[in-house]
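Colleague: Please take me through this model, beginning with how far it can be trusted.

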Amino acid sequence: MFDQIAPGYDARNRLFSVARDHAWRRRAAERADLRPGETVLDLCTGTGKLAHELLPFTRPGGRVVGIDFSEPMLERARKLEPEVEFRLGDVSRLNEPDASIDAVTIGFGIRNLVDREQALREMHRVLRPGGRLVILEFAPPPAGPLMRAYRFYLTRVMPAIAGRFSAGERQAYRYLAETVQAAVLGRLGFAVTIEPLTFGIVVLHVAVRRG
């Protein structure tokens with residue numbers, strides 16, 4: 001699915017988020033609380049937009065590594081942001097040593113993981129004590145008129161617009177609507193804070209690895 005939608009992925013994100021996606025990623029990068037010289041993994045990096053936002057916080061001397069399982073997405077990412085190290089990989093089986101990473105970010109990717117708990121355990125494993133995991137993800141807003149409007153937009157409007165480009169994209173965005181959910185992190189060894197954005201339709205989970 002992601003191989004198929006890679007060419008128009010960024011344009012669709014801007015359209016469907018009413019151009020709010022950039023602000024959401026920028027806030028996620030800020031909440032990673034990086035310092036110059038530190039190393040951050042951006043998982044499910046896609047075309048590297050969040051990885052790009054992380055770069056200024058690691059300079060000078062730091063590293064941003066973007067990992068994704070879609071080669072067409074990574075091909076676009078490498079062209080758009082040559083200063084990031086992009087590599088093909090499975091985020092539930094990371095190559096990094098234990099406690100070797102200062103921060104991990106994942107933007108709109110947690111819903112796509114087949115085994116979320118295993119992936120979260122890997123993120124916990126590679127983070128140093130005190131390191132931050134920042135998860136940017138959709139979430140249902142509070143009940144009421146906004147919830148009804150949000151559900152209509154996510155389940156009807158987005159798939160319909162995507163379907164004007166191709167039938168495959170219609171299915172892809174319907175899949176997105178069906179898989180939106182929050183992550184549970186406390187029992188895995190994280191201290192978690194939650195920050196709602198844009199009326200609560202997007203949420204940042206900031207999870208600090210306990211010592």
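The questions below go from confidence to the fold, the cores and two loop residues.

Modeller: This is a predicted model, in which local features need pLDDT of at least 70, side-chain atom pairs count only at pLDDT 80 or more, and totals for chains, interfaces and linings use all residues. Residues are numbered from 1 along each chain as its sequence is written, and side-chain values use heavy atoms, with hydrogens and water left out.

Colleague: Over which residues is the pLDDT below 50?

Modeller: pLDDT is the predictor's confidence in each residue, from 0 to 100. The chain averages 81, and 70% of the residues score at least 70. Where pLDDT is low, the predicted coordinates should not be read in detail. The stretch with pLDDT below 50, which still has 26 contacts in the model beyond near neighbours in sequence (heavy atoms within 4.5 Å), is residues 172-182.

Colleague: What percentage of the chain's residues count as buried?

Modeller: Helices (H or I, at least four residues) and strands (E, at least two) are DSSP runs, numbered from the N terminus; the chain has eight helices and seven strands. Buried means under 20% relative accessible area with a 1.4 Å probe, protein chains only. Of the 211 residues, the buried share is 53%.

Colleague: Which residues of helix 4 are buried?

Modeller: Helix 4 spans residues 49-58. The cover over its buried residues includes helix 3 (21-31), strand 1 (39-43), strand 2 (63-68), strand 3 (85-88) and strand 4 (101-107). The buried residues are Leu50, Ala51, Glu53, Leu54, Leu55 and Thr58.

Colleague: Which element supplies the largest share of the largest nonpolar core?

Modeller: A nonpolar core is a set of buried Ala, Val, Leu, Ile, Met, Phe, Trp, Tyr and Cys residues joined through side-chain atoms within 4.5 Å. Of the 24 residues in the largest one, Trp24, Leu54, Val64, Leu136 and Val202 touch the most other members. Helix 3, helix 4, helix 5 (71-80), strand 5 (127-138) and strand 7 (202-209) each supply at least two residues of this core. The largest share, four residues, comes from helix 4.

Colleague: How many residues of strand 5 are buried?

Modeller: Strand 5 pairs with strand 4 in the parallel sense over six bridges (pairing needs at least two DSSP bridges). Within this pair, Thr105 stands opposite Val134 in strand 5. Strand 5 is largely enclosed by the rest of the structure, because its buried residues number nine of the 12.

Colleague: Which residue in strand 2 stands opposite Val40?

Modeller: Five of the six residues of strand 2 are buried. Strand 1 and strand 2 pair in the parallel sense over five bridges. Opposite Val40 in strand 2 stands Val64.

Colleague: Which backbone nitrogen does the side chain of Glu38 reach?

Modeller: Glu38 is in the loop between helix 3 and strand 1, and its relative accessible area of 16% makes it buried. Leaving aside neighbours within four places in sequence, its contacts are Asp33, Thr58, Gly62, Arg63, Asp102 and Arg128. At 2.9 Å, the Glu38 side chain reaches the backbone nitrogen of Arg35.

Colleague: What distance separates the C-alpha atoms of Ile110 and Cys44?

Modeller: Ile110 lies in the loop between strand 4 and helix 6 (116-126) and is buried, with a relative accessible area of 2%. Ile110 and Cys44 are 66 residues apart along the chain. Their C-alpha atoms are separated by 8.1 Å.

Technical notes:
Buried means under 20% relative accessible area, exposed over 50%, partly exposed in between (1.4 Å probe, protein chains only). A polar contact is a pair of N or O atoms within 3.5 Å; within protein, one must be able to donate a hydrogen and the other to accept it, and residues adjacent in sequence count only if both atoms are side-chain atoms.
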